[in-house]
2 protein chains.
Amino acid sequence: MFELDVENSKPIYEQLMDKFKELMINDVLQEHNQLPSIRILARELTINPNTIQKAYKQLESDGYIYTLPGKGNFVAPPTSLKNSLEEKIRNDLEKVFAEALYIGIDKHEIYRLLEKGGDS
Amino acid sequence: MFELDVENSKPIYEQLMDKFKELMINDVLQEHNQLPSIRILARELTINPNTIQKAYKQLESDGYIYTLPGKGNFVAPPTSLKNSLEEKIRNDLEKVFAEALYIGIDKHEIYRLLEKGGDS
DNA sequence: TGGGTGTATTATTCTTCCTAATACAGTTCA
DNA sequence: TGAACTGTATTAGGAAGAATAATACACCCA
């Protein structure tokens with residue numbers, strides 16, 4: 001399904017979260033799709049099940065996925081995302097804007113990057 | 001000069017970097033201004049000098065500041081910022097845009113946040 | 001019932017963060 | 001020159017987080 005970078009300084013469970021968020025954002029994983037089971041994914045990636053569980057648990061508490069005990073983990077509708085997440089992302093936006101302008105990326109360039117991406 | 005949050009999960013040296021970047025971005029610290037000496041700042045914040053040094057060293061390797069051994073640390077002109085940094089910030093921009101759109105923040109809102117901020 | 005799912009717990013190892021205590025070298029200035 | 005700054009480097013140790021390992025338990029479903 002994807003690879004991990006063991007050399008990366010970022011913790012494995014965070015890399016996992018990023019990968020899954022990416023898949024959801026790019027609509028590869030859609031609402032109510034099932035995520036790979038903890039044990040299977042752990043075997044495929046040859047990492048510890050507890051590490052997967054940690055990533056899933058965090059994704060769940062952020063509202064990206066939901067869990068049905070005994071059944072599995074599934075992509076949550078974006079409406080169930082936590083408000084605290086939106087706050088955080090607004091802050092991220094402001095922060096990266098300030099930094100981008102400081103290092104010399106100008107507004108038009110930022111506009112371009114925004115338009116280049118999503119649809120909404 | 002500023003406070004640190006010991007409870008914060010973010011490492012102290014990263015908090016320090018953020019604080020100084022913020023001061024530079026907001027023009028409180030300007031080109032060639034001297035930063036507080038490692039020992040003095042360590043005493044003021046009651047943290048270990050090595051922690052300050054780590055923050056300064058990282059800021060230097062990113063190109064935010066430059067060091068004159070025996071003299072001190074100084075704010076670098078933005079032109080000396082590393083290209084790798086610009087790459088990183090472009091990625092951050094794209095990533096946070098995708099995430100913002102996914103959670104339901106629309107483009108106009110992002111525009112608003114951008115205009116609210118800097119001047120450039 | 002059997003085999004899948006998630007969950008919880010305990011112990012162990014490894015790495016990073018931070019502190020602590022030094023020692024060394026360049027700069028400044030009286 | 002020498003005292004008092006500056007940054008730099010090294011070694012050691014403690015604390016916390018990341019990851020592994022090995023279980024055990026509970027839920028779901030054919």
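Buried means under 20% relative accessible area, exposed means over 50%, and partly exposed sits in between (1.4 Å probe, protein chains only). This is a predicted model, where local features need pLDDT of at least 70 and side-chain atom pairs count only at pLDDT 80 or more, while totals for chains, interfaces and linings use all residues. Residues are numbered from 1 along each chain as its sequence is written, chains are lettered from A and ligands numbered from 1 in the order in which they are written, and side-chain values use heavy atoms, with hydrogens and water left out.

**View 1. Chain A comes in two domains.** Domain 1 covers 12-80 and domain 2 covers 83-116; bounds like these come from an automatic or database domain assignment. The C-alpha centres of the two domains of chain A are 27 Å apart.

**View 2. Asp27(A) and Thr46(A) have positive phi values.** Most residues other than glycine have a negative phi. What is phi for Asp27(A)? It is about 65°, a positive value, although Asp27(A) is not a glycine. Look for Asp27(A) in the loop between helix 1 (12-25) and helix 2 (38-45) of chain A; helices (H or I, at least four residues) and strands (E, at least two) are DSSP runs, numbered from the N terminus. Asp27(A) is partly exposed, with a relative accessible area of 47%. Thr46(A), with phi near 50°, sits in the loop between helix 2 and helix 3 (49-62) of chain A. Is Thr46(A) buried or exposed? Thr46(A) is exposed, at a relative accessible area of 68%.

**View 3. Here is the protein surface around DNA strand D.** A residue is near a strand if one of its heavy atoms lies within 4 Å of it. DNA strand D has 24 residues around it, and the closest are Ile12(A), Asn50(A), Thr51(A), Lys54(A) and Arg39(B). Sugar or phosphate supplies 66% of the strand D atoms within 4 Å of the protein, and bases supply the rest. A backbone N or O atom of Asn48(A) is 2.8 Å from a phosphate oxygen of DNA strand D, and a polar side-chain atom of Asn73(B) is 3.2 Å from a phosphate oxygen of that strand. The elements giving two or more residues to this surface are helix 1 and helix 3 of chain A, plus helix 2 (38-45), helix 3 (49-62) and strand 2 (72-75) of chain B.

**View 4. Two strands of chain B make a hairpin.** Strand 1 (residues 65-68) and strand 2 of chain B run antiparallel, joined by four bridges; strands pair if DSSP finds at least two bridges between them. Which residue is the bridge partner of Thr67(B) in strand 2 of chain B? The partner is Asn73(B). Three residues lie between the strands, and Gly70(B) in the turn has a positive phi of about 90°. From strand 2 of chain B, Gly72(B) and Phe74(B) point one way and Asn73(B) and Val75(B) the other, and all are buried.

**View 5. DNA strand C meets both protein chains.** Of the 24 residues around DNA strand C, Arg39(A), Ile12(B), Asn50(B), Thr51(B) and Lys54(B) come nearest. A side-chain N or O atom of Arg39(A) is 2.8 Å from a base oxygen of DNA strand C. Asn50(B) places a polar side-chain atom 2.7 Å from a base nitrogen of DNA strand C, and a polar backbone atom of Gly70(B) is 3.3 Å from a base nitrogen of that strand.

How values were computed:
A polar contact is a pair of N or O atoms within 3.5 Å; within protein, one must be able to donate a hydrogen and the other to accept it, and residues adjacent in sequence count only if both atoms are side-chain atoms.
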